[in-house]
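User: Please take a close look at the charged pairs of this model, and set them among their surroundings. A single connected account would suit me better than a list.

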Amino acid sequence: MNYPTQLQPFGHALAELGAIDERIIVIDADLQRATETNFFQEQYPERYFDVGIAEANMVGISAGLALSGKTVFCGTFSSFITQRVCDQVVISVGYCRSNVKLIGVEPGIASGRNGASHQALLDIAIMRAIPGMTVFDPADAIELRAMLKYLAENPGPAYMRVPRGKVPVIFDETTYRFEAGKAAMLRDGKDAAIISGGILLPEAIQAAENLAAKGVQARVLNMGSIKPIDKQAILAAARDTGCIVTAENHSSYGGLGGAVAEIVSQNCPVPMRILGIEDRFGEVGPNDWLLARFGLNADAIEKAVIETIEKKGR
Amino acid sequence: MDSKLKKELQAKCLDVKRDVISIIYTAGSGHPGGSLSAVEILTVLYFQEMKIRTEEPAWPDRDKFILSKGHAAPLVYAILAERGFFPKTELATFNAPGTNLQKHLDMHLVPGVELSTGSLGQGLSAGIGMALAARLDKRDSHVYVLVGDGELQEGQIWEAAMSAAQFKVDNLIVFLDKNNCQVDGFTRDICNIDPVDEKWQSFGWHVQTIDGHDLSQIEDAIVKAKSVPGKPHIIIANTIKGKGISYMENKPEWHARAFTEEEYKQAMEELYQQERALQK
Ligand SMILES: Cc1ncc(C[n+]2csc(CCOP(=O)(O)OP(=O)(O)O)c2C)c(N)n1
Ligand SMILES: [Mg+2]
């Protein structure tokens, strides 16, 4: 599917926010072009710090600034801002309830140019389990900008996955409204529900279109707000369609699928299938190739939906 | 180092540089600057100093090398292929889908690689562990670790620095690739690490400072390190990022970059000229 793209929406939107709110501080760890924070730095050099290759230190300094009234965005590759500094995030950000917005660039397989050491496949599992931590995974440039604005305006610890460089535009900017904890229904259907988000959303949409051509009607929910999560939309999907397939750019353990299963299993059990990366590390490769390899492209989602529908009512 | 050996190793360095540049050119991505700054160090280690067996990579008494700055993987691949750990033809698969030669080292995919790296700051601690194990097992083997100067900004490096001195791991020899560059610019402008020799001295290490592109100085420093008991060793190698290719030298922007066809051809031409000069 070919969507139009925006170039570096995160970097530009962050610099724009800098003009609106002078409490915003940006901190980097020797990756200012990868995190696109160079735009902010050019405009607000006095509110920008590069600590060098020292992520734990970066998170700690961010917490100190935040606890002194600042709104701090600090980021690096998603693997480093979650795994590398897990305890600093848990204690200095989470436990202290610091207003630190943790930015994870090139999440999941999107770091395919760098391979396993840079591919955070368990970032959502980690961040979601931290009390009070907001977790967002935007699907396109429009959602990304809306989430970023939300984070700037709402104090508290948060983690956002950020696609870098060219980012697709899926939503219509004039009608799109973001609300934390609300899913967006992109397509309705009665046979199954596909819950997805992030870079997998186009695959989910494509799968639903392929299924429709075969007479199978799948509801598609974009769940960019993973925490808080839209419990109502999940339960409605379970009741209305009778089975759910989740598809995410993450380990099949503890991510979006885990979050959905926690709600479905305890409130309205229906057959479910969790599509994610199955208990393995990443590797280098372009997105399309990795999606096929890990069984996460539209074809794989379509197949999973058909298999899950077969389990209904057994 | 006698002049014949020196010439042989210099020629080997040029082969390795050609491999590094071809690997990155073919893949269309990679980290050329920090690969080229350590060519001489790894050439002396792998072709002169280290006890290793290509036919038995897991030989228990071997010396070990850890690339803590894992992004210089093209250099390690070139060295291991030149040394015969795997066929040179495999080099062309660097970073291609399904390859063994991942962007950052994967110890389970490539014979001769001791540690999977790519997340900076972790190699030195693992090196201490391996050196301690060799000591416990009464093996006469050394562990070599290559760290970057930007990498020294990671706190774990300094935790490791204290442990190594505390445990007196004198079979550990660290090379600091002091090329003064990192991703966002020059190290002194981002987070200054100097005076780095004094820092390591005060942490209880045996410190030497050398020209990291001078093969004799590299070898002498290793020999010297092996003769000083009771302390871990660091050899501060003053290097030039992108060494050997005129348009890359000391340019932070060549940290991670692809080559255009023109740049590739020019690099090969410069190396050819260096080879001719060597033969004279
Ligand atoms: C923990 C961690 N943080 C950030 C990075 C991204 N990164 C890769 S290389 C690099 C700069 C390394 O600089 P230096 O250690 O001086 O290496 P060299 O100049 O020898 O290439 C950075 C920040 C990383 N790989 N790991
Ligand atoms: Mg450096």
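Analyst:

**Charged pairs and their surroundings**

K88(B) is partly exposed, its relative accessible area being 43%. This value, like the others below, comes from a predicted model rather than from an experiment. The side chain of K88(B) meets that of E82(B) in a salt bridge, with N and O 2.9 Å apart. The partner stands differently towards the surface, for E82(B) has a relative accessible area of 14% and is counted as buried because that figure falls under the 20% limit. This pair also belongs to a network of salt bridges, in which K12(B), D19(B), E82(B) and K88(B) are linked.

Over all chains, the structure holds 32 salt bridges. One of them joins E16(A) and R145(A), whose side chains come to 3.3 Å, N to O. This contact links distant parts of the chain, since E16(A) lies in helix α1 (residues 9-20) of chain A and R145(A) in helix α7 (residues 141-153) of chain A, with their positions 129 residues apart in the numbering. E16(A) is partly exposed at a relative accessible area of 44%, and R145(A), at 24% relative accessibility, is likewise placed in the partly exposed class.

Helix α1 of chain A also carries A13(A), and this residue brings R145(A) back into the picture. Leaving out neighbours within four places in sequence, A13(A) is in contact with R145(A) and L148(A). R145(A) thus takes part in the salt bridge with E16(A) and in a contact with A13(A). A13(A) has a relative accessibility of 6% and counts as buried, because the class takes in residues under 20%. As a further point of reference, the C-alpha atoms of A13(A) and F39(A) are separated by 9.3 Å, with the two residues 26 apart along the chain.

Another pair in chain A is formed by R23(A) and D21(A), whose closest N and O atoms are 2.9 Å apart. Here too the partners fall into two classes: R23(A) is partly exposed, with 45% of relative accessible area, while D21(A) is buried at 13% relative accessibility.

Between the two chains the rule finds one salt bridge. Its partners are E154(B) and R84(A), whose side chains meet at 3.2 Å, N to O. On the chain A side, β3 (48-50) and α4 (78-84) each supply at least two of the residues that touch chain B. Sorted by class, that side of chain A has nine nonpolar, six polar and seven charged residues. The contact as a whole takes 22 residues from chain A and 25 residues from chain B, and the two chains bury about 1,700 Å² between them, 45% of it on carbon and sulfur atoms. In chain A, the residues that lose the most area to chain B are I53(A), R84(A) and V284(A), which together make up 35% of what that side buries. R84(A) accordingly appears both in the salt bridge across the interface and among these three residues. Polar contacts between the chains number 15 residue pairs, counted with both residues at pLDDT 80 or more.

Acidic side chains in chain B deserve a further word. E263(B) is found in helix α10 (residues 261-279) of chain B, and it counts as buried because its relative accessibility is 17%, under the 20% limit. Apart from residues up to four places away in sequence, E263(B) touches Y247(B), W254(B), R257(B) and A258(B). D149(B), in turn, is a donor to the magnesium ion (ligand 2) through OD, together with N179(B) through OD1 and C181(B) through O, and these protein donors lie 2.1 to 2.2 Å from the ion. Along the sequence the donor residues follow the spacing D-x29-N-x1-C, and both N179(B) and C181(B) are buried.

Charged residues also border M130(B), which has its place in helix α5 (residues 123-136) of chain B. Residues up to four places away aside, M130(B) touches K64(B), I66(B), E114(B), L115(B) and V143(B). M130(B) is counted as buried at 17% relative accessibility. Its C-alpha atom lies 33 Å from that of S22(B), a residue 108 places away in sequence.

Terms used:
Residues are numbered from 1 along each chain as its sequence is written. Chains are lettered from A and ligands numbered from 1 in the order in which they are written. This is a predicted model: local features need pLDDT of at least 70, side-chain atom pairs count only at pLDDT 80 or more; totals for chains, interfaces and linings use all residues. Side-chain values use heavy atoms; hydrogens and water are left out. Donors are N, O and S atoms within 2.8 Å of the metal (3.2 Å for Na, K and Ca); water is not among the atoms, so sites may look incomplete. Buried means under 20% relative accessible area, exposed over 50%, partly exposed in between (1.4 Å probe, protein chains only). Contact means heavy atoms within 4.5 Å. Buried area is the accessible area (1.4 Å probe) that two parts lose on being put together, summed over both. A salt bridge is a side-chain nitrogen of Lys or Arg within 4 Å of a carboxyl oxygen of Asp or Glu. A polar contact is a pair of N or O atoms within 3.5 Å; within protein, one must be able to donate a hydrogen and the other to accept it, and residues adjacent in sequence count only if both atoms are side-chain atoms. Helices (H or I, at least four residues) and strands (E, at least two) are DSSP runs, numbered from the N terminus. Ala, Val, Leu, Ile, Met, Phe, Trp, Tyr, Cys and Pro count as nonpolar, Asp, Glu, Lys and Arg as charged, and the others, Gly among them, as polar.
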